[in-house]
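Please examine the following model with attention to its rings, its surface and its cysteines. The paragraphs below take these topics in turn.

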Amino acid sequence: MAAEVLPSARWQYCGAPDGSQRAVLVQFSNGKLQSPGNMRFTLYENKDSTNPRKRNQRILAAETDRLSYVGNNFGTGALKCNTLCRHFVGILNKTSGQMEVYDAELFNMQPLFSDDSLYLPPCYDDATKPEDVYKFEDLLSPAEYEALQSPSEAFRNVTSEEILKMIEENSHCTFVIEALKSLPSDVESRDRQARCIWFLDTLIKFRAQRVVKRKSALGPGVPHIINTKLLKHFTCLTYNNGRLRNLISDSMKAKITAYVIILALHIHDFQIDLTMLQGDLKLSEKRMMEIAKAMRLKISKRRVSVAAGSEEDHKLGTLSLPLPPAQTSDRLAKRRKIT
């Protein structure tokens, strides 16, 4: 094929594209953009047009399904090259050979972790049954649920002796042990419970990590589709020492906690021991109550028998209709007041 021959190129300087705002160029501090079509950009400008130092200040925000980014042209995060040199963008008309050249500005986009935000699964407050408020299908797709059949086999066939061994070896959390003790005898119900308990156990173990250093998040026993789900939905991509890594940030830990609570509700007929889960998740009571109330659970107390025949007060969370009014966590409320 003969090479395309263009007429002699001419360029025309046009200044800023809209007369005031320079064209925006971006670079990402944590790697190269693979799917530009999945990005959503928003440009913010300082409203103080009378102050010569502030009127050109800009903040660029970008979002993907997994991560948010922010860049600015002022302050410590600004690129020095914007003051030391000029950037241009050229648009070439191949027919006429004329290139329109516009002023441009480069933004360095940094990952933004909103650790005060609480990522909740979809809540259907118009549901007519508790099981439809947080739908099981939003926790596990049919394909993911099917993949749990093999790894949950040990739970499905667990014996009393094996449960005692789990307790002695402290290999599983208290909630999982208690749930295994009360597995139903009906084959279909027992299978469903075993799969849910296994996935809940996996989420709790995954949450205990901070950085996932390998592609197989919890070892070879986790099905590929579940491993992909854990990395995609419960980690943030970060850039460290020239390498991408999966970070379980505080906000992602809160998201995992919410999913654990919903799984536990489906396992235990929509009433759960929040104090027990709080201990398994190594959370403070205040944080556990924040999340439970944000999820619109009704909180109550009950005396529970513990070791050596003693009793202690436990907080229970119940998902029942009508739902109580939505409550924002104290962290978010304080943040909005400050803002």
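Is Phe88 buried, partly exposed or exposed? In this predicted model, the relative accessibility of Phe88 is 41%, so the residue counts as partly exposed. The class follows because buried is reserved for values under 20% and exposed for values over 50%.

Phe88 also takes part in ring pairing. The structure has 3 aromatic pairs by the rule applied here. In one of them, Tyr13 and Phe88 meet edge-to-face, with 6.3 Å from centre to centre and 80 degrees between the planes. Tyr13 belongs to strand β1 (residues 10-15) and Phe88 to strand β6 (residues 87-92), so this pair ties together parts that are 75 residues apart in sequence. Tyr13, too, is partly exposed, because its relative accessibility is 41%.

A further pair joins Phe136 and Tyr145. Their ring centres lie 5.9 Å apart and their planes stand at 80 degrees, so this pair is likewise edge-to-face. As to their setting, Phe136 and Tyr145 are both buried. The ring of Phe136 has another partner as well: the charged end of Arg192 is placed over this ring, 4.2 Å from its centre. Phe136 is thus paired with Tyr145 and also lies beneath the charge of Arg192. A comparable arrangement involves Lys135, which lies over the face of Tyr124 at 4.4 Å from the ring centre.

The surface offers a separate topic. Which residues make the nonpolar surface patch of about 280 Å²? The patch is formed by Val24, Val26, Phe41 and Leu43. Two strands, β2 (23-28) and β3 (40-45), each contribute at least two of the patch residues. Phe41 is located in strand β3. With a relative accessible area of 40%, Phe41 is partly exposed. This value permits membership of the patch, because patch residues must have over 30% relative accessible area.

The cysteines remain to be considered. A disulfide is a covalent bond between the sulfur atoms of two cysteines. How many disulfides does the structure contain by the rule applied? The count is 0. Among the cysteines, Cys85 has a relative accessibility of 38% and therefore counts as partly exposed. Cys196, by contrast, is buried, because its relative accessible area is 2%. The cut-off of 20% places Cys196 in the buried class, since buried means under that value.

Terms used. Residues are numbered from 1 along each chain as its sequence is written. This is a predicted model: local features need pLDDT of at least 70, side-chain atom pairs count only at pLDDT 80 or more; totals for chains, interfaces and linings use all residues. Side-chain values use heavy atoms; hydrogens and water are left out. Patches are made of residues with over 30% relative accessible area and no salt bridge: like charges are joined within 9 Å, nonpolar side chains (Val, Leu, Ile, Met, Phe, Trp, Tyr) within 5 Å. Accessible areas come from the Shrake-Rupley method with a 1.4 Å probe; for residues, only the protein chains shown count as cover. A salt bridge is a side-chain nitrogen of Lys or Arg within 4 Å of a carboxyl oxygen of Asp or Glu. Helices (H or I, at least four residues) and strands (E, at least two) are DSSP runs, numbered from the N terminus. Buried means under 20% relative accessible area, exposed over 50%, partly exposed in between (1.4 Å probe, protein chains only). Rings of Phe, Tyr and Trp (its six-membered ring) pair if their centres lie within 6.5 Å; planes under 30 degrees apart count as stacked, over 60 as edge-to-face and the rest as tilted. A charge sits over a ring if NZ of Lys or CZ of Arg is within 6 Å of the ring centre and within 35 degrees of the ring normal. A disulfide is a pair of cysteine sulfur atoms within 2.5 Å.
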